[in-house]
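Me: I should like to go through the assignments in this structure one at a time and hear the grounds for each.

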Amino acid sequence: MTVGIIGAGRMGTALAHALAAAAIPTALCTARHGRGPRSVPPESTPATLDFVLRHTGPVLLALPYPVAAGLMSGPAGRCGGGRTLIDATNPGFCRDRVVPPGLSGGELIAAAASGWRTVKAFNTVAAEHLAATRIDGGAVTLPVAGPPDAKPAVFDLARRLGFDPLDAGGIEGSRELEALAVLMARVSAAHGLHGRIGIRIAEPDRAPTAQVAS
């Protein structure tokens, strides 16, 4: 199975590197029709947008949100044939408000991409530290929001990359995931972490039971 990645910038290239390190074939393209990326990681295959849209397995959207939304509002949004589209965009990082209040970029992309099953994932991981998948002795949690039948492929990718995928409900969960990404970026900037930040959601250890002397 070849994973398609649309976007050859920092996030797309980082995803291609990480997937290749996990021995997962990737095809990397830009959002422009008829033109492949100028440079790609040596482990990834350069491809055209048409090839990725029509001939790969799951497709990762690693683009600025306005570009991704515009792309999926056209023919690209109708040619998925029911395949999984993984939306890793973060509209909260845009200078101007691009999403109406009460909605999320993930929901808008899912509505536009009628030929795909859209899942929100990987937007809470910084491109520079995509390979840093451990925190406090456990795997970094990767929340996944979208339709149930599209999540298994995303969970498999997340686990193979070293993350701990977490079911975050339907695509409406994109609202919280996009807000979480903004919060993490603010904490990172405030503490000089340069994107090296992650979350781990797990059940806390139980408190020891008090022993009563007989």
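Reply: One definition is needed at the outset: a residue is buried if its relative accessible area is under 20%, and exposed if that area is over 50%. The model is a predicted one.

Me: What makes both faces of strand β9 (residues 141-144) covered?
Reply: Thr 141 and Pro 143 lie on one side of β9, Leu 142 and Val 144 on the other, and all of these residues are buried. The split rests on a general rule: in a regular strand the side chains alternate between the two faces of the sheet.

Me: How do you know that β9 and β10 are paired, and in which sense do they run?
Reply: Two strands pair if at least two bridges are found between them. There are 4 bridges between β9 and β10, and the strands run parallel, so they count as a pair. Pro 143 has Leu 166 of β10 as its bridge partner. From β9 the chain passes through α5 to β10 in a right-handed β-α-β crossover.

Me: Which strands form the open sheet, and in what order?
Reply: The open sheet has 6 strands in the order β3-β2-β1-β4-β5-β6, with parallel pairing.

Me: Why are β3 (45-46) and β6 called edge strands?
Reply: Each of β3 and β6 pairs on one side only.

Me: What makes β1 and β4 a pair, and what makes β5 and β6 one?
Reply: At least two bridges are required. β1 and β4 have 3 bridges in the parallel sense, so the criterion is met; Ile 6 has Leu 61 in β4 as its bridge partner. Strand β5 (residues 84-87) and β6 have 4 bridges, again parallel, so they also pair. Asp 87 stands opposite Lys 120 in β6. The chain reaches β6 from β5 through helix α4 (residues 105-112), and this β-α-β crossover is right-handed.

Me: Why is the span of helix α1 (residues 10-21) described as close to the expected one?
Reply: Helix α1 has 12 residues, and 1.5 Å a residue gives an expected 16 Å; the distance from its first C-alpha to its last is 17 Å.

Me: Which residues of α1 are buried, and against what do they pack?
Reply: The buried residues of α1 are Met 11, Gly 12, Ala 14, Leu 15, Ala 16, Ala 18 and Leu 19. They pack against β1 (3-6), β2 (26-29), β4 (59-61) and α5.

Me: Why are Ala 23 and His 194 called exposed?
Reply: Exposed requires over 50% relative accessible area. Ala 23 has 61%, so it qualifies; His 194, at 68%, likewise counts as exposed. Ala 23 follows α1, in the loop between α1 and β2, and has a positive phi of about 60° although it is not a glycine. His 194 is in the segment after α6; its phi is positive too, about 55°, and it is not a glycine either.

Me: How many aromatic pairs are there, and why is the pair of Phe 122 and Phe 163 called edge-to-face?
Reply: The structure has 1 aromatic pair. The ring centres of Phe 122 and Phe 163 are 6.3 Å apart and the planes stand at 85°; the limits are within 6.5 Å for pairing and over 60 degrees for edge-to-face, so both are satisfied. Phe 122 is in the loop between β6 (117-120) and β7 (134-135), and Phe 163 in the loop between α5 (151-160) and β10 (164-167), so the pair ties together parts 41 residues apart in sequence.

Me: Are these two phenylalanines buried or exposed?
Reply: Phe 122 is buried at 1% relative accessibility, and Phe 163 is buried at 4%; the limit is under 20%.

Me: Why is Ser 174 called buried, and what makes its side chain part of a polar contact?
Reply: Ser 174 has a relative accessible area of 0%, so it is buried. A polar atom of its side chain lies 2.8 Å from the backbone oxygen of Ile 171, and the cut-off is within 3.5 Å. Ser 174 is found in helix α6 (residues 174-190). Beyond four places in sequence, Ser 174 is in contact with Ser 104, Gly 106, Glu 107, Lys 120 and Ala 145.

Me: Why does Thr 56 count as buried?
Reply: Its relative accessible area is 8%, so Thr 56 is buried. Thr 56 is in the loop between α2 (49-55) and β4, and the backbone oxygen of Val 52 is 2.8 Å from a polar atom of its side chain.

Technical notes. Residues are numbered from 1 along each chain as its sequence is written. This is a predicted model: local features need pLDDT of at least 70, side-chain atom pairs count only at pLDDT 80 or more; totals for chains, interfaces and linings use all residues. Side-chain values use heavy atoms; hydrogens and water are left out. Helices (H or I, at least four residues) and strands (E, at least two) are DSSP runs, numbered from the N terminus. Buried means under 20% relative accessible area, exposed over 50%, partly exposed in between (1.4 Å probe, protein chains only). A polar contact is a pair of N or O atoms within 3.5 Å; within protein, one must be able to donate a hydrogen and the other to accept it, and residues adjacent in sequence count only if both atoms are side-chain atoms. Contact means heavy atoms within 4.5 Å. Rings of Phe, Tyr and Trp (its six-membered ring) pair if their centres lie within 6.5 Å; planes under 30 degrees apart count as stacked, over 60 as edge-to-face and the rest as tilted. The expected span of a helix is 1.5 Å times one less than its number of residues. A crossover is right-handed if, with the strands pointing away from the viewer, the path from the first strand over the helix to the second runs clockwise.
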